[in-house]
Amino acid sequence: MRQPKLFCVLPDYISTPDSMAIDRHGNLVLSCPNYAEEKSSGCVVKVSRDGKVTKWFDVPVHPQTGVARNMGIAFDDNWNVYLCDNQGWSGKPELLFKGRVLKITADDNGIISKTVVVANNMEHPNGIRIKDGCMYVTNSYMNPVKRPDGKLTSGVYRFRLDEENVDIKNDMSDKNLFATFVTRNPECQYGVDGIVFDSKGDLYIGNFGDGEVWRLTFNPDGSLKSQISYAKNPAQLQSTDGMIFDGEGNLYIADFSANAIGRVSIDGKVERVAQSPDCIGDNDGLDQPGEPIVWNGRIIASCFDLVTGPDKVNTTHEMPATLVQIPLY
C-alpha cells in the first residue's frame, strides 16, 4: 500500500473540495461546491506547486437558489472553464432539476467576462470531460425514468461546446443523452460519476454504486459504438468517484465509500493502492477521496469528507478541508 500524506490544508471558506483540472500555467485548479456549509456558495481556487491556495473566482449563483454547487470541472482549448453546478446533490425536493452546466470565461485574476448556461434543469450533473468539440457530462440520477425492477438509471450527456440554454428533461427523450446505465447494487443506488478519456480517445465511466468502470467507444461519426464493462472487483474497488489515467495507461479511481484509491492496470487488474481508516485529513489520511489527479509526478486527491452511512468508512464531517498526496509509483 502507498502511504497518503497531507499536501495542503484548504482555507476555511472551503468546506467540501471536489474535482480538479490543470490550468495553462500548470497550477492545480480545484472546484469546491461547499455542501457542508449551506450558507456558503461554490468557488474555484488555484493551488501552486508548494501548496499555496488562492481563490480564483466565486461561481455565478443560480438565480432561484442563490448559491452555486460546482463539482466537475474541465477546460477547453481556449481555457474557458466548464462546471457542473449540481444543485440537487443534497436530495432536497426544492433543489431537484435545478442543475446546470456552466461555461465561464475568466482571466488569470478571476475576473469573469462571460458566463454561459450550457444546460438547465439537470437533476444531478456531476463529472465533465471535453474532447473533439464536445463536453461529456455524467448525470448521476435520471429521476423520471422508472424501471420495473426499481433500479436507478443514470446517464452520460453530450453537448457541443457552442450549445447554450439546453433544457434537459432527465429522461430518454433528451437529444443530448449519449449513453445510459443501470445501478444494480441495492445498498448504494447512486449512478454514473467518474469520467475520463484515455490516450486513444475511448471514454471511461464509473458507475459509483456498482463499483464498476465501463469503456465506451465511438464510431467514426461520433456515435456510440460499444459500451462494455472494463473493470469490477468488489474486494478491491467498492465505489467509483473521480478517475484519471497516468502516463502509462493505469487508471486511478477515488473509492469514495472505502476511503481508498484504486488502480486498474493496463492488463485489467483491479488493485487497491492506498486506503485510510476513518480519519481527519490533516492527519495524512484519505478522508473520503472524491477525485484523484496526476500532477507533478504524484497523485493529488481531494477529500470530500461529508457523506456517511453503513457502506461508508467516513463517519462525520470535520474541518479543515484538505488535499492529500500519494506516490504515483
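## The β15–β16 hairpin

In this predicted model, strand β15 (residues 192-197) is joined by four bridges to strand β16 (residues 203-207), and the two run antiparallel; strands here are DSSP E runs of at least two residues, numbered from the N terminus, and two strands pair if DSSP finds at least two bridges between them. Across this pairing Val 196 stands opposite Tyr 204 in β16, and within the five residues that lie between the strands of the hairpin, Gly 201 takes a positive phi near 95 degrees.

Because six of the six residues of β15 are buried, the strand is largely enclosed by the rest of the structure, where buried means under 20% relative accessible area with a 1.4 Å probe, protein chains only.

## The chain as a whole

The protein chain has 25 strands and zero helices, and buried residues make up 58% of its 329 residues. Its radius of gyration, taken over C-alpha atoms, is 18 Å, which agrees with the value near 20 Å that a compact globule of 329 residues would have; that rule is 2.2 Å times the number of residues to the power 0.38. Along the principal axes, the C-alpha atoms fill a box of roughly 45 × 45 × 40 Å.

Among contacts (heavy atoms within 4.5 Å) with a separation of 6 or more, residues 24 or more positions apart account for 54%.

## Basis of the values

Residues are numbered from 1 along each chain as its sequence is written, and side-chain values use heavy atoms, leaving out hydrogens and water. Local features need pLDDT of at least 70 and side-chain atom pairs count only at pLDDT 80 or more, whereas totals for chains, interfaces and linings use all residues.

Conventions: Buried < 20%, exposed > 50% of the residue type's maximum accessible area, 1.4 Å probe, protein only.
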